[in-house]
Amino acid sequence: MLTLAIETSCDETSCAVIKNGREVLSNIISSQIDIHRKFGGVVPEIASRKHIESINPIIQEALDKANVGFNDIDLIGVTQGPGLVGALLIGISTAKSLAYGLDIPIIGVNHIEGHVCANYIEHKDLEPPFTCLIVSGGHTYLVQANSYTNYELIGRTRDDAAGEAFDKVARALGLPYPGGPIIDKLSTTGNKEAIDFPRVLLEPKSYDFSFSGLKTAVLNYLNQKEQKGEEIIIEDVAASFQQAVLDVLVDKSFRLARERNSNKIILAGGVAANQGLRSMMEERGKKEKIEIFYPSRILCTDNAAMIGAAAYFNYKEGKESDLYLNVIPNLDLI
Ligand code: ATP
Ligand code: MG
Ligand code: FE
């Protein structure tokens, strides 16, 4: 079964052709990062306009690369939310036109579920149930996946998302957008014990997260250093900040896995590209005999292949949208 998938929730225009939910025939990603970088973040109106310009050529490119035509496609998958309303609309209206014109089924996909499903592409034998840590630019969820489409939401951030914290701290350090990959890189040379930033664990049994206090602690540290005219070692700030985020993410993920007798922890979302997070998870996983899974870097951040995988598994479980499908900018995972 061939799925053509479209992703336009934020600042990547992407189209993919996926076979049976796991095999990528093409996954074209056109990033607008260079355009938004000069504004320090994504400008919604510019994002929408860029999606309109790119979408048709990118669909054609995805078909060409997969060596298939429109008539070979069996299913259309498209991101329904969460994301920027104007950006999502471009993907949804294009997808609906295709489904109508080709007279094939369409499925609206939850973008966050897409991030999880990226793992099914990477790991061909991976099956639920598992514990999953979803850490993206706008969301931080700790979930227990019971099946391909059933998720129990156990914890979430009460303020900033993990990726958002990386981006905001990077901005305070004068680093370009998006900050996550740069902080990741600087952390490899910095001293992660140089500054003792707070680890916010919340109530003893809580699986929720909070990163805004940590972000404020970094800002205060930078302001104080500046006022005193002291030198700021940017690598040390990056490494110490990153470690404070990772300690909490890793701790809560393993606590949930143990509580649920889960022998697999899956990482998903842009922050799953973080080398520090991957290594720390794997090290702890070895000790606790829990296997760690994450997608390759390109499948961690936004792409249409993951949306195609999610569409396929939802379709297999009997779900289907219709042409009344509309965007839901604040769509929750459950
Ligand atoms: P959402 O998926 O929540 O709607 P999004 O689609 O904007 O948000 P993603 O594409 O999942 O987010 O990921 C982008 C985020 O991942 C950014 O915040 C970015 O800084 C972060 N990120 C990317 N690579 C790394 C890395 N190596 N280390 C840490 N963070 C990273
Ligand atoms: Mg993006
Ligand atoms: Fe995303």
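Colleague: Which residues does UniProt list for "binding site"?

Modeller: Happy to start there, with the reminder that this is a predicted model. The entry is unreviewed, and the feature taken from it is "binding site". The residues UniProt lists are H111, H115 and D302.

Colleague: Why do they gather at one spot?

Modeller: In sequence they span 192 residues. Even so, they gather at one spot, because no two of their C-alpha atoms are more than 8.7 Å apart.

Colleague: Is H115 buried or exposed?

Modeller: H115 lies in helix α4. Leaving out residues up to four places away in sequence, H115 touches I134, S136, A268, G269 and M306. A residue needs 20 or more other C-beta atoms within 10 Å to be called buried. H115 has 30 C-beta neighbours inside 10 Å, so it counts as buried.

Colleague: And where is D302 placed, and is D302 buried or exposed?

Modeller: D302 sits in the loop between α10 (297-300) and α11 (304-316). Not counting neighbours within four places in sequence, its contacts are E7, S9, C10, E12 and S14. With 27 other C-beta atoms within 10 Å, D302 is buried.

Colleague: Let's turn to the ligand. Which element gives the largest share of the shell around ligand 1?

Modeller: The shell around ligand 1 holds 25 residues, the closest being G137, G138, G163, G180 and G270. Two or more residues come from each of α4 (111-122), α5 (162-172) and α6 (179-187). The largest share is four residues, and the element that gives it is α6.

Colleague: How many residues of that shell are polar?

Modeller: Three residues of the shell around ligand 1 are charged and seven are nonpolar. Gly is counted among the polar residues here. The polar residues number 15.

Colleague: Which helix gives the most to the largest nonpolar core?

Modeller: That core has 98 residues, and A5, V245, A305 and A309 have the most contacts inside it. A305, for one, touches A5, A16, I18, V24, N27, I121 and L299, leaving aside residues up to four places away in sequence. With twelve residues, the helix that gives the most to this core is α8 (residues 234-259).

Colleague: One last thing: how far apart are the end C-alpha atoms of residues 23-308?

Modeller: UniProt, in an unreviewed entry, places "domain: Gcp-like" at residues 23-308. Over that stretch the chain is 50% helix and 16% strand. The end C-alpha atoms are apart by 10 Å.

Key
Residues numbered from 1 in each chain as written. Chains lettered and ligands numbered in written order. Predicted model: local features only at pLDDT ≥ 70, side-chain atom pairs only at ≥ 80, totals over all residues. UniProt positions renumbered as here; feature names shortened; annotations may be inferred. Near = placed C-beta within 6 Å. Buried ≥ 20, exposed ≤ 12 C-beta atoms within 10 Å, placed from the backbone. Contact = placed C-beta atoms within 7 Å. Core = buried A, V, L, I, M, F, W, Y, C linked by C-beta atoms within 7 Å.
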